[in-house]
Amino acid sequence: MFMCENYRGISLLNSAYKVFSKILLNRLTPYVEENLGSYQCGFRTGRSTIEQMSVIGQLIEKKNSLEDTERAAQVLERATSKIGLKINMNKTKIMELLGEVNEFRYLGTVLSKNNDWAREIGVRIIKAERAAFALNKFLKLKVFSKKTKARIYTAIIRLTLTYGCKAWTTTINMERKLRTFENKTWRVICGPVYDNEKGKRRRKYNKELQEEMEIAPAVSFINGQRIQWLGHMKRRSEDDISRVVLEWKPTGKRPQGRPRKRWLDVVEEDLYRMEVHDWRILAQDRDKWRDLVMAVKTLKEYWAI
């Protein structure tokens, strides 16, 4: 147990060793933070893996051609060189030899060639369905109140459904699929209702579900998460990678046809619906931006039956 070669990140430890591990971690953390670069985002205060997902997603959606991709890589290289990082050319050549792919999995998220999040949202819905199925018997128990069931839903099912949603560029069709899954889960929690006119039990309408659940829909939660992440990036230093990519504007000619909606376009539409027009100034005020995020996350929107 106390031999270094037997140490495991997850193990059964006695209480004294747990206290010692906590003390050791607290003493090492300040020194580690001084030496770790901004490229390391996992398990750090104020950072998360969403940064890498967001940067890659925006680089994909802003590239129009091979030349634009090269320019994006140059922007990334200049930003990383300031913190002592260099692009590994050997690995880059290997990636070129493997050829072009339409999608790949990165940090548990499916990224596509055209930054189309439909595939990833479909995967999240499937995983959330599995979580809901595992909890099905608890969601149907009459012993639990609807408030308790709503907490189970938000803590487990919705959390599984919305993993990585800060980087999503959603469309109306994607949001409709999310609502369909959510309504299906809410009907399990709320159960049917007796219709006096028809003389039989029927499933509850969407509006009835939302009034009974007393929680905002997942789409509002996703919108709030994106707005929260936008303010987080905007308050970063000007040489931070996530802010550099956010504010970078590609040059050259766009391809023919209607351009795809970008992540920032979607977030600005959400801000416009909340009557926020000077978001770049408002984002610098943490308290006001936090109030805005909470208002969006708790927004109860009603949709068709």
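# Briefing: helices, salt bridges and a nonpolar patch

Let's start with helix 2 (residues 50–62): its 13 residues should span 18 Å at 1.5 Å a residue, and the end C-alpha atoms are indeed 18 Å apart, so the two values agree. Keep in mind that this is a predicted model. The protein chain carries 14 helices and 4 strands, and 37% of its 305 residues count as buried.

**The chain as a whole**

- Looking at contacts in the protein chain with a separation of 6 or more, 66% are between residues 24 or more positions apart.
- About 20000 Å² of the protein chain is exposed, and carbon and sulfur atoms supply 56% of that area.
- The salt bridge tally for the structure is 8.
- The disulfide count comes to 0.

**Helix 2, wrapped up by its surroundings**

- Helix 2 is largely enclosed by the rest of the structure, because 11 of its 13 residues are buried.
- The buried set holds I50, M53, V55, L59 and I60, among them, and it also includes charged-residue positions such as E51, E61 and K62.
- S54, G57 and Q58 are buried in helix 2 too.
- V55 turns up again as a contact of S242, alongside M233 and R236, once residues up to four places away in sequence are set aside.
- S242 itself sits in helix 11 (residues 241–247).
- With a relative accessible area of 2%, under the 20% cut-off, S242 is buried.

**Salt bridges around E212**

- As a bit of background, side chains of opposite charge can pair when their charged atoms come close.
- K146 and E212 pair through their side chains in a salt bridge, at 3.1 Å from N to O.
- That pair ties together distant parts of the chain, with K146 in helix 7 (residues 146–161), E212 in helix 9 (residues 206–213), and the two positions 66 residues apart.
- K146 is partly exposed at a relative accessible area of 34%, and E212 is partly exposed as well, at 25%.
- E212 also meets K204 in a salt bridge, this one at 2.4 Å from N to O.
- K204 is buried, with a relative accessible area of 9%.

**R226 and D270, and the shared network**

- R226 forms a salt bridge with D270, and their closest N and O atoms are 3.2 Å apart.
- This is another link between distant parts of the chain: R226 belongs to helix 10 (residues 218–234), D270 to helix 12 (residues 263–273), and they are 44 residues apart.
- Both ends of the bridge are tucked away, as R226 counts as buried at 0% relative accessibility and D270 counts as buried at 5%.
- Back at E212, salt bridges with shared partners join K146, K204 and E212 into one network.

**A nonpolar patch on the surface**

- F20, L24, L28, V32 and L36 make up a nonpolar surface patch of about 420 Å².
- V32, one of the patch residues, is found in helix 1 (residues 15–35).
- V32 counts as partly exposed because its relative accessibility is 40%, which falls between the 20% and 50% cut-offs.

**Cysteines**

- C165 is buried, with a relative accessible area of 2%.
- C190 also counts as buried, at 8% relative accessibility.
- A disulfide is a covalent bond between the sulfur atoms of two cysteines, and the count for this structure is 0.

**Two loop glutamates with positive phi**

- E214 has a positive phi of about 60° even though it is not a glycine.
- E214 is located in the loop between helix 9 and helix 10, and it is exposed, with a relative accessible area of 60%.
- E275 likewise shows a positive phi of about 60° without being a glycine.
- For E275, the location is the loop between helix 12 and helix 13 (279–282).
- E275 is exposed, with a relative accessible area of 65%.

Notes. Residues numbered from 1 in each chain as written. Predicted model: local features only at pLDDT ≥ 70, side-chain atom pairs only at ≥ 80, totals over all residues. Heavy atoms only, no water. Patch = residues over 30% accessible without salt bridge, like charges linked within 9 Å, V, L, I, M, F, W, Y side chains within 5 Å. Areas by Shrake-Rupley, 256 points an atom, 1.4 Å probe, with all protein chains shown as cover. Salt bridge = Lys/Arg side-chain N within 4 Å of Asp/Glu carboxyl O. Buried < 20%, exposed > 50% of the residue type's maximum accessible area, 1.4 Å probe, protein only. Contact = heavy atoms within 4.5 Å. Expected span 1.5 Å × (residues − 1). Disulfide = S-S within 2.5 Å.
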